[in-house]
Amino acid sequence: MAYADPPYFGTAAKFYGAHHPDAANYDRLETHAALLDRLEAEFDGWAYSLGTPSLRDILPLAPPHARVGAWVKPFCSFKPNVNPAYAWEPVIYKIGRKRGRDQPTVRDFCSAEIALKKGLTGAKPPAFCWWIFDLIGLEPDDEFVDIFPGSGSVQKAWTKYREVMIGFPLGFAD
């Protein structure tokens, strides 16, 4: 299972050019198409974050069975001269494991405030991460790959999620 939060199409060089020499490649649709192809080929389930302005460009690149979820942000940063505000983000995903009837139903949206002061624009909050884990059907013993680790917040959330689901801290499991 995997999660990809690449530099968003159209803003990659602007926001991430100083952090990574290849960031500007994500201002090209071919790069997003190749990443979606990789997710589909290598992983049973996956989720792919993107910005709302690029949804019309990137969704046609996804496989036909992919679905779209929404991260709704009750608190988000408001930008000058941008009205209405970008207060939600799409997530294209493929369910890796179906849930049984005895398990809670996962919604195709998540309401969670943005992460602040994590050192990198676009860092994801724990509530969003846990929703992604549930959305694609992750279980604590699954292999999970965060393709763009950035701030490390997704991996930290995965560790905590696994600890909660297993019932004890992972460092003491042995």
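Which residue in β5 is the bridge partner of V72? Please keep that in mind while I remind you that what we have in front of us is a predicted model, and then let us look at the strands together.

The partner of V72 in β5 is S111, and this pair belongs to the place where β3 and strand β5, residues 109-111, run parallel and are joined by three bridges. On β3, which covers residues 67-72, there is also a pairing with strand β4, residues 88-94, and here the sense is antiparallel, with six bridges. One example is R67, whose bridge partner in β4 is Y93. As general background, side chains in a regular strand alternate between the two faces of the sheet.

Let me move to the loop between β3 and β4, where we find both N81 and P84. N81 has a positive phi of about 65 degrees, although it is not a glycine, and the peptide bond from N83 to P84 is cis, with omega near 5 degrees. For those new to these angles, most residues other than glycine have a negative phi, and most peptide bonds are trans. Is N81 buried or exposed? Its relative accessible area is 83%, and because exposed means over 50%, N81 counts as exposed.

T52 gives us a contrasting case, sitting in the loop between β2, residues 46-49, and α3, residues 55-58. With a relative accessible area of 18%, T52 is buried, since the cut-off for that word is under 20%. Leaving aside residues up to four places away in sequence, T52 touches Y86, W88, E89 and P90.

Next comes helix α4, residues 126-136, whose buried residues are F128, C129, W131, I132, F133, L135 and I136. An α-helix has 3.6 residues a turn, so residues three or four places apart point the same way. What covers the buried residues of α4 includes β1, β2, β3, β4, β5 and α5. Just after the helix, G137 takes a positive phi of about 85 degrees.

Finally, which helix gives the most to the lining of the second largest pocket? That is α4, with three residues. The second largest pocket has a volume of about 270 Å³, and of the 18 residues that line it, the closest to its centre are R67, I95, R99, V106 and L135. Sorted by class, the lining has six nonpolar, four polar and eight charged residues. Notice that R67, which we met as the bridge partner of Y93, has come back here among the residues closest to the pocket centre.

Methods. Residues numbered from 1 in each chain as written. Predicted model: local features only at pLDDT ≥ 70, side-chain atom pairs only at ≥ 80, totals over all residues. Heavy atoms only, no water. Helix = DSSP H or I, 4+ residues; strand = E, 2+ residues; numbered from the N terminus. Buried < 20%, exposed > 50% of the residue type's maximum accessible area, 1.4 Å probe, protein only. Contact = heavy atoms within 4.5 Å. Pairing = 2+ DSSP bridges. 1 Å grid on protein atoms, 1.4 Å probe; cavity = no way out; pocket = protein on both sides within 12 Å on 5 of 7 lines; lining within 4 Å. Points joined across faces, edges and corners; volume = space filled by probe spheres on them. Nonpolar A, V, L, I, M, F, W, Y, C, P; charged D, E, K, R; others polar.
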